[in-house]
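Biologist: Got a minute to walk me through this fold? I'd like to go through the packing, the odd backbone spots and the strands.

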Amino acid sequence: MSEPRTCEADARIVTNDGDAVASLWWSEVPVLPGEKLGVIGGFEAQSTGAAQAVLAQARARLRAEDCTLAVGPMEGNTWRPYRFVTDRGDEPPFWLEPANPAAWPEWWREAGFTPLANYFSTATEDLAARDQRLGGVIQRMTAAGVGIRNLDAAQFEAELERIYAVSVESFQQNYLYTPLPAAAFAAQYRALKARVQPELVLLAEQAGRPVGYVFAIPDWAQAQRGEPVNTLIVKTLAVLPGRAYSGLGAVLLDAVHAAARQRGFTRAIHALMHETNTSRNLSAHYARTIRRYTLFAQRLDGSMAESP
């Protein structure tokens, strides 16, 4: 088995034969009303028997910590890697996408886990397609003093602060949202700095205040496979809540598609969207689903967990 992928878990379980491992969190985990979550991540197993053994031990430990619902796979919270790929489709993996053996989700199902939340990635093959409804939105944003610019690579740290300010407001209503300190947020994006193309990261501002952004990056997995890099990954799209910024997300998405096309990209992947997210609704105007992912849960009293 490999070394644990995080040192921040509350506990780590290894089966006696060493054929399965899992990390557990219960002290600092996402909030779900009416529940005390226990989170299972860092999961690896060599066989269904080993998987059943380590998941049984995980459930027992989480019960001992008075958790009511076990959730996973998740590395502690939704800012870190989480979800299993459960429908691979026919597209190759893209950069920064979760990866897991096809058997692992089935082993979790065999252990009594059921889907808690579903996620999708989509692809559009036509970056020239424009959303004809956006003319009025663009006029409204312009009249309100909202402008869109590229990320300033020379001020990368300051730009991360602006992106963070939008993220913490925009994501608060997301399913299983967990607050993240600014330093931890910046560290995650700083790790991508060498791969960022500033023309593909757009910030919307109003009177100098950041009100939205789209963070897109080339699919460097294509380069690793020896292919031309012609695919853009739309990693994050965020807009401040409120009617004043209604439609701004669609404007940002349209703008980043246009910017990518000007730079020779021919397609885009809209990555890892929750089935109820506004981003998925926007993507539906352009794209087809290429991959599905699942976050699983099991009530620790043995009954079925409910999806949101």
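Biologist: At what angle do helix 3 and helix 7 pack, and how far apart are their axes?

Modeller: Keep in mind that this is a predicted model. Helix 3 covers residues 134-143 and helix 7 covers residues 248-262. The angle counts as roughly perpendicular because it falls in the 65 to 115 range. The pair packs at about 105 degrees, with the axes 10 Å apart.

Biologist: Which residues meet there, and what classes are they?

Modeller: From helix 3 you have Leu134, Val137, Ile138 and Met141, and they meet Leu248, Ala250, Val251 and Asp254 of helix 7. Sorted by class, the contact has seven nonpolar, no polar and one charged residues.

Biologist: Which peptide bond is cis, and where does its proline lie?

Modeller: Most peptide bonds are trans. Here omega is near -5 degrees for the bond from Gly72 to Pro73, and that bond is cis. As for Pro73, look in the loop between strand 4 (69-72) and strand 5 (84-87).

Biologist: What is phi for Ala207, and is that residue buried or exposed?

Modeller: Ala207 sits in the loop between strand 8 (201-206) and strand 9 (209-218). Its phi is positive, near 55 degrees, and it isn't a glycine. The relative accessibility of Ala207 is 83%, and the cut-off for exposed is over 50%, so Ala207 is exposed.

Biologist: Where is Leu272, and how accessible is it?

Modeller: Leu272 also has a positive phi, about 55 degrees, without being a glycine. You'll find Leu272 in strand 11, residues 267-274. Buried would need under 20%, so Leu272 counts as partly exposed at 22%.

Biologist: How many residues of strand 3 are buried?

Modeller: Strand 3 runs over residues 37-45. The strand is largely enclosed by the rest of the structure, because the buried count is nine of the nine.

Biologist: In which sense does strand 3 pair with strand 2, and in which sense with strand 4?

Modeller: With strand 2 (residues 20-25) there are five bridges, and Leu24 has Ile40 of strand 3 as its bridge partner. With strand 4 there are three bridges, and Leu37 stands opposite Leu69 of strand 4. So the answer comes in two parts: strand 2 pairs with strand 3 in the antiparallel sense, and strand 4 pairs with strand 3 in the parallel sense.

Biologist: What hand does the crossover from strand 3 to strand 4 have?

Modeller: The chain leaves strand 3, passes through helix 1 (residues 48-64) and arrives at strand 4. This β-α-β crossover is right-handed.

Note on methods
Residues numbered from 1 in each chain as written. Predicted model: local features only at pLDDT ≥ 70, side-chain atom pairs only at ≥ 80, totals over all residues. Heavy atoms only, no water. Axes fitted to C-alpha atoms, helices over the stretch in contact; angles between N-to-C directions. Helix = DSSP H or I, 4+ residues; strand = E, 2+ residues; numbered from the N terminus. Parallel < 35°, antiparallel > 145°, perpendicular 65-115°, else oblique. Contact = heavy atoms within 4.5 Å. Nonpolar A, V, L, I, M, F, W, Y, C, P; charged D, E, K, R; others polar. Buried < 20%, exposed > 50% of the residue type's maximum accessible area, 1.4 Å probe, protein only. Pairing = 2+ DSSP bridges. Right-handed = clockwise from strand over helix to strand, strands pointing away.
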